[in-house]
Each structure stands twice: as structure tokens, then as C-alpha cells.
Amino acid sequence: MVNGLTMLEALDEWAIGHERFLNEGVRIWNNVSRTYPPHNLIKKNNDEYVITMAVAGFSKEDLSVRSEEGTLTIESKKSNGKIKEEYIHKGIANRDFKKEFLLAENVFVKDVKLKDGMLEIFLERVIPENEKETIYDIN
């Protein structure tokens with residue numbers, strides 16, 4: 001709460017034209033598990049980011065990484081057809097999950113890698129030529 005307003009109401013007062021971004025952010029915040037699987041968000045520089053996610057026990061076939069309309073979705077559907085085992089202790093989770101991230105307007109997935117139980121998603125901001133700073137010679 002900010003001055004008696006919810007965060008969304010407070011943002012609506014000055015974030016003109018960002019309704020989709022704000023509404024998607026609230027939807028993701030309310031509906032998606034923020035703890036499983038654990039992940040890191042790394043800012044390499046002003047134009048490159050990496051999402052690293054611990055997905056031990058998941059294969060490439062179990063994972064889906066896709067982006068659509070500014071939302072990056074990482075999802076897994078574990079096959080339930082495997083032999084059920086009796087666990088004495090089960091400390092390694094391998095349940096279905098879905099994580100979503102809102103991408104800024106010019107941020108795109110550059111590469112996706114799975115190695116040693118770590119899913120890495122490389123993101124890059126690509127600024128269109130017409131939006132880059134232009135310095136003009138004065139004649």
C-alpha cells in the first residue's frame with residue numbers, strides 16, 4: 001500500500017500507456033510460483049541478461065521455453081508414466097512448473113542451453129536503428 005492505494009493503483013497514476021505491462025505483472029505475481037524451480041536473474045551489461053534455472057532431473061524433452069507478446073514462459077510437464085518408487089526421503093523435486101517473465105519491448109531470447117541440470121536463457125536488448133542515439137556533424 002502506498003498512501004492508501006494498492007501498488008497497481010499507485011502505478012496507474014503515472015504509468016500512462018503501460019496497462020498491459022502492469023496487468024500482466026500483477027497476473028504473473030498472483031498466479032505463478034516464485035520459488036520453484038530456483039532461478040537467478042543476471043544482468044551482464046545494459047543490453048544482456050541471463051536467467052539461470054536449476055532444473056536437475058529434467059530433460060530437454062521435459063522443458064519448454066517460449067516467448068509471446070512480451071512474456072517469456074518456462075514450463076515443464078514431467079511424465080507421470082514412470083515407475084513409482086517408494087521414497088524414504090524425497091528432497092529433490094521434479095514436479096510440473098510454469099514461470100513467466102515480462103520482457104521489455106526490445107528484449108529477445110538469444111539462446112537457450114541445458115547443461116549439468118542448469119537451464120540458461122540468454123536475453124539481449126536489441127535497440128532498433130531509429131531509436132539509437134544519433135550524433136550529427138554541425139556544418
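This passage looks at a hairpin, two turn residues with positive phi, and a nonpolar core.

The model is a predicted one, with local features taken at pLDDT of at least 70, side-chain atom pairs counted at pLDDT 80 or more, and totals for chains, interfaces and linings using all residues. Residues are numbered from 1 along each chain as its sequence is written, and side-chain values rest on heavy atoms, leaving out hydrogens and water.

Strands β3 (residues 63-68) and β4 (residues 71-76) run antiparallel and share six bridges; strands here are DSSP E runs of at least two residues, numbered from the N terminus, and pairing takes at least two DSSP bridges between them. Across this pair, Val65 sits opposite Ile74 of β4. Two residues separate β3 and β4 in the hairpin. One residue in the turn, Glu69, has a phi near 50°, positive despite not being a glycine. Glu69 is also exposed, at 67% relative accessible area (exposed is over 50%, buried under 20%, partly exposed in between, with a 1.4 Å probe and protein chains only).

Asp116 is another non-glycine with positive phi, about 55°. It lies in the loop between β6 (107-115) and β7 (118-125) and is exposed at 71%.

As for the interior, the largest nonpolar core (buried Ala, Val, Leu, Ile, Met, Phe, Trp, Tyr and Cys joined through side-chain atoms within 4.5 Å) has 15 residues, and Met53, Leu72, Ile74 and Phe97 touch the most other members. Strands β2 (48-54), β4, β5 (97-102) and β7 supply at least two residues each, with β7 giving the most, three. Beyond four places in sequence, the contacts of Met53 (heavy atoms within 4.5 Å) include Ile74, Phe97 and Leu119.

How values were computed. Helices (H or I, at least four residues) and strands (E, at least two) are DSSP runs, numbered from the N terminus.
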